[in-house]
Every structure is written in structure tokens, then in C-alpha cells.
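Here's a quick tour of how some parts of this protein pack, and where empty space is left between them. Have the model open as you read.

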Amino acid sequence: MVKLIASDVDGTLIQDSTPDLYPEMTAAIKELAKKGILFCAASGRQYQSLQNVFRDVADEIAYIAENGAQIRYQNKNISVTPMKREDVVDIMTMLRPYYGECETIVSTPNGSLVESENKEFLDLITYGYHNTFRRVKDVLAEEDEIIKIAVYRKGSIRQLGESLLIPAWRERVKVCMAGDEWVDFMDLSVDKGNALKILENYLGIRPEQVMAFGDNNNDIGMMLAAGKSYAVDTAVPEVKQAAGNVCLGWREKGVYRSIKAQIL
């Protein structure tokens, strides 16, 4: 019997960078809760952004935020994994020459830090993602504990990410595509799959009691950690290969339809 359902958000459950969950999925999460099945939002987004998306069921679900760097349940942190300071310094030093072409947002457990003055990007993280953030002149001058660095390029960052950023850093940190427009950097131990295992252990749930949904490279570990996993039909090939099954994408409300058909 399934006891935990973990789903990626952007590109899997809803369209990238949108702030709202559709009513059918909200109702399904409530129905799952009545059956003793916990829903978990598993995303590269910050916790505060996820809370906004799932605002109507915010206290009824678990959160794997920042790709697993922060795990929360019942209004408390289950796990927080900071990045090494030297990695933060070196990554920011590498990314700053790309300002103008790319934008960077740096995550802490309590929100994000942003150096950008680009109004379009600030509007995206304010009104699209509903991030909690504060603007600073120099991220490295702040004393906050940093759990993720994300670099954004409008349209697509995939070529830059896969040809340069990921090869340059994959030996030192966990670095991955988190959608076509984002590359994420975390501590080497951070992965949605590892986070799902931590949550399974915390809840006393076995992997075969877990169902997971995803679409992009940062979901591969989660596909492998769940007893039953689904890649949406728009997923990248690597995720489809890691998942045991394929379902419809966010446009057709595939996650909801799969849960409705198999569990509800």
C-alpha cells in the first residue's frame, strides 16, 4: 500500500515558475490525507515558495525543498544541509562574469539573497515563484548559512550548463539542470533521492510504499528511491530511463490523473 507520494513541481505538476496549484490536485491531497497517505512537494524551489503553491494544504504535506537541501514536515526542519563556504565563494566568483546574461539567486533556510537589479528577473521570483528574498550588494559579505546557489538564464541555460557549469563543478558539489532555465548547485550529498530516503526513515515508511513523479535531471535520484516512479511524458530521456513508468504531463494534469486512477 502506498503511504507517501512525492512529486516534483515545476514542469511535472504545474507549469514552470507558476504560483498556483489547480483545484483538483488540492482536493486530491486532502483526500489522500484522509486515507493516511502523505503528499510531499519535492522541488528545487525554496520552502517559502512551495508553501505558497500548496497554501490550501500547506500544513498537510511534507516538503523536500532546494532539491533536498532542506526537508520540512509539520512546521519543523527534518534536515538542512549547508554548502561549504569555499564552494560558495568559488561558485559565485565564477558566475559573476555572466551577470547580464544570467542571474543568480542564493538560498538560505529562511529565504534567498539576490544581487540582481534586473526588474524582469526580480518580478519572476516575486510574482512567479513568490520567493521570500532580500536584495544585497554582495552575497559573500552576508553571514547567512547558504544551502543552494541557482543560476538562471531566460529561455534556456542548458547549453551553458551541460557544456561548462556542470562539468566544471560535478566533482566538488551536486550540480544539475533544474529545468531548461536553471542550473542548481548544492552540497555534494544533496539529492532529492537522498532526501526522500531521509523522509522515509523519519516516517518509518519503506521504499516500496512510495510513489514519485518527476521530469528533469534533479529528479533522477527520487525516481530511483521510490518503489513506483513516473516520468511525465515531457521528461528528459535520462529521467524516463530512471523511472519505471511514464504518465501524462502537467498540461493534462498527469500527476493528478495517475493518483486518481490508482489510489483514489
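Helix H1 passes helix H9 in a left-handed crossing. Keep in mind that this is a predicted model. H1 covers residues 23–34 and H9 covers residues 254–262, and the two pack at an angle of about 35° with their axes 10 Å apart. On the H1 side, the contact is made by Glu24, Met25, Ala28, Glu31 and Leu32, while H9 brings in Val255, Tyr256, Ile259 and Lys260. Sort those contact residues by class and you get 6 nonpolar, no polar and 3 charged.

Next, the aromatic rings. Searching the whole structure turns up 8 aromatic pairs. One of them joins Tyr47 and Tyr63, which sit edge-to-face, 5.0 Å centre to centre and with 90° between the planes. Tyr47 belongs to helix H2 (residues 47–53) and Tyr63 to strand S3 (residues 62–65), so this pair ties together parts that are 16 residues apart in sequence.

Both tyrosines turn up again when you look at enclosed space, since Tyr47 and Tyr63 are among the residues lining the largest cavity. The rest of that lining is Ala58, Asp59, Ile61, Arg72, Tyr73, Gln74 and Asn75. The count of cavities of 30 Å³ or more comes to 1.

Here are the spaces side by side:

| Space | Volume | Lining by class |
|---|---|---|
| Largest pocket | about 630 Å³ | 9 nonpolar, 13 polar, 12 charged |
| Second largest pocket | about 160 Å³ | 4 nonpolar, 2 polar, 5 charged |
| Largest cavity | about 60 Å³ | 5 nonpolar, 2 polar, 2 charged |

Which residues lie nearest the centre of the largest pocket? They are Asp10, Asp16, Ala178, Gly179 and Trp182, out of a lining of 34 residues. Three strands give two or more residues each to this lining: S6 (103–108), S9 (148–152) and S11 (182–186).

The second largest pocket has a lining you can easily click through. Start with Gly100, Glu101, Cys102 and Glu103, go on to Asn118, Glu120, Phe121 and Leu124, and finish with Tyr152, Arg153 and Lys154. Which helix gives the most to this lining? That's H4 (residues 119–128), with 3 residues.

Note on methods. Residues are numbered from 1 along each chain as its sequence is written. This is a predicted model: local features need pLDDT of at least 70, side-chain atom pairs count only at pLDDT 80 or more; totals for chains, interfaces and linings use all residues. Side-chain values use heavy atoms; hydrogens and water are left out. On a 1 Å grid over the protein atoms alone, a cavity is a set of points where a 1.4 Å probe fits but cannot get out, and a pocket is an open set with protein on both sides within 12 Å along at least five of seven lines; lining residues have an atom within 4 Å of a point. Grid points are joined across faces, edges and corners, and a volume is the space filled by probe spheres set on the points. Helices (H or I, at least four residues) and strands (E, at least two) are DSSP runs, numbered from the N terminus. Ala, Val, Leu, Ile, Met, Phe, Trp, Tyr, Cys and Pro count as nonpolar, Asp, Glu, Lys and Arg as charged, and the others, Gly among them, as polar. Axes are lines fitted to C-alpha atoms, for helices over the stretch in contact, and angles run from 0 to 180 degrees between N-to-C directions. A crossing is left-handed if the near helix is turned anticlockwise from the far one by less than a right angle, and right-handed if clockwise. Contact means heavy atoms within 4.5 Å. Rings of Phe, Tyr and Trp (its six-membered ring) pair if their centres lie within 6.5 Å; planes under 30 degrees apart count as stacked, over 60 as edge-to-face and the rest as tilted.
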